[in-house]
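Biologist: I have this model open on my screen and would like to go through it with you, one question at a time.

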Amino acid sequence: MKTAIKRFGISLDSLLLKAFDSLITKKGYSNRSEAIRDLIRDSLVQREWESGNKECIGTITIVYSHHRNELLDTLTEIQHNFHTSIISSMHVHMDEHNCLEVIVVKGKGAEIKKIADRLIVAKGVKHGKLTVTTTGKELV
């Protein structure tokens, strides 16, 4: 769907603008407009998934020791309980003791958060992080 481009002006403190220009240069943006569009999209995506009732997609990343057999059983059980929301998972052996698992999830924001919370707080998980984004259906 093609939409019209609208122009608008904003006022910024000179130090804030200088810091913003430095950031967009480091990130490789070709202009301020594209950087501002990305900031707006990021805010909209955050709001979309936090509402809890929009379909989102994301990853749950966890780090744990593979020597804890009860943890492996718990992680497997949780993933089977939410099999309709889990699209894929990848298991990486980081060293002789630690594993990384990346689980791709899709569904309502509240359900994704519920899955992530269950996995991340499982006894024996050393670190976990939920990263959520949009399915792109509602973004321009």
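Biologist: Let me start with a lysine: is Lys106 buried, partly exposed or exposed, and what is its relative accessible area?

Modeller: A word on ground rules: this is a predicted model, in which local features need pLDDT of at least 70, side-chain atom pairs count only at pLDDT 80 or more, and totals for chains, interfaces and linings use all residues. Residues are numbered from 1 along each chain as its sequence is written, and side-chain values use heavy atoms, with hydrogens and water left out. Buried means under 20% relative accessible area, exposed over 50%, and partly exposed in between, using a 1.4 Å probe and protein chains only. Lys106 is partly exposed, and its relative accessible area is 35%.

Biologist: Which residue forms a salt bridge with Lys106?

Modeller: Side chains of opposite charge can pair when their charged atoms come close. A salt bridge here is a side-chain nitrogen of Lys or Arg within 4 Å of a carboxyl oxygen of Asp or Glu. For Lys106 the closest N and O atoms are 3.9 Å apart, and the partner is Glu55.

Biologist: How far apart in sequence are the parts that this pair ties together?

Modeller: Lys106 sits in strand β3 and Glu55 in strand β1 (residues 55-65), so the bridge links parts of the chain that are distant in numbering by 51 residues. Helices (H or I, at least four residues) and strands (E, at least two) are DSSP runs, numbered from the N terminus. Glu55 is itself partly exposed, at 33%. The sequence separation of the tied parts is 51 residues.

Biologist: And which residue meets Arg68 in a salt bridge?

Modeller: Arg68 counts as partly exposed at 28%, and its partner is partly exposed at 46%. The N to O distance is 3.1 Å, and the partner is Glu70.

Biologist: How many residues separate Lys113 and Asp117 in their helix?

Modeller: These two form a salt bridge, with closest N and O atoms 3.2 Å apart. Lys113 is partly exposed at 39%, and Asp117 is partly exposed at 36%. Both lie in helix α4 (residues 109-120), about one turn of the helix apart, which is four residues.

Biologist: Which residues do salt bridges with shared partners join into one network?

Modeller: Two of the members are acidic and two are arginines, linked by salt bridges that share partners. The members of this one network are Glu34, Arg37, Asp38 and Arg41.

Biologist: How many salt bridges are there in the whole structure?

Modeller: The pair of Lys113 and Asp117 is one example, and the pair of Arg68 and Glu70 is another. A search of the whole structure gives a total of seven.

Biologist: Now Glu101: which side chain of opposite charge is nearest to it?

Modeller: Glu101 lies in strand β3 (residues 98-108). Lys and Arg count as positive and Asp and Glu as negative, while His and the chain ends are not counted. Glu101 is buried yet has no salt bridge, and the nearest opposite charge, 14 Å away, is on Arg68.

Biologist: Which side chain does Glu101 join in a polar contact?

Modeller: A polar contact is a pair of N or O atoms within 3.5 Å; within protein, one must be able to donate a hydrogen and the other to accept it, and residues adjacent in sequence count only if both atoms are side-chain atoms. For Glu101 the distance is 3.0 Å, and the other side chain belongs to Gln79.

Biologist: Is Gly124 buried or exposed?

Modeller: Gly124 is in the loop between α4 and β4 (125-134). Leaving aside neighbours within four places in sequence, Gly124 is in contact (heavy atoms within 4.5 Å) with Tyr64, Ser65, Arg68 and Leu71. At 19% relative accessibility, Gly124 counts as buried.

Biologist: Which residue's backbone oxygen does the side chain of Ser65 reach?

Modeller: Ser65 lies in strand β1 and counts as buried at 12%. Its contacts include Asn98 and Lys126. At 3.4 Å, the Ser65 side chain reaches the backbone oxygen of His97.

Biologist: Last one: how far apart in space are the C-alpha atoms of Arg41 and Thr134?

Modeller: Arg41 is in helix α2 (residues 32-50) and is partly exposed at 25%. Arg41 and Thr134 are 93 residues apart in sequence, while their C-alpha separation is 9.6 Å.
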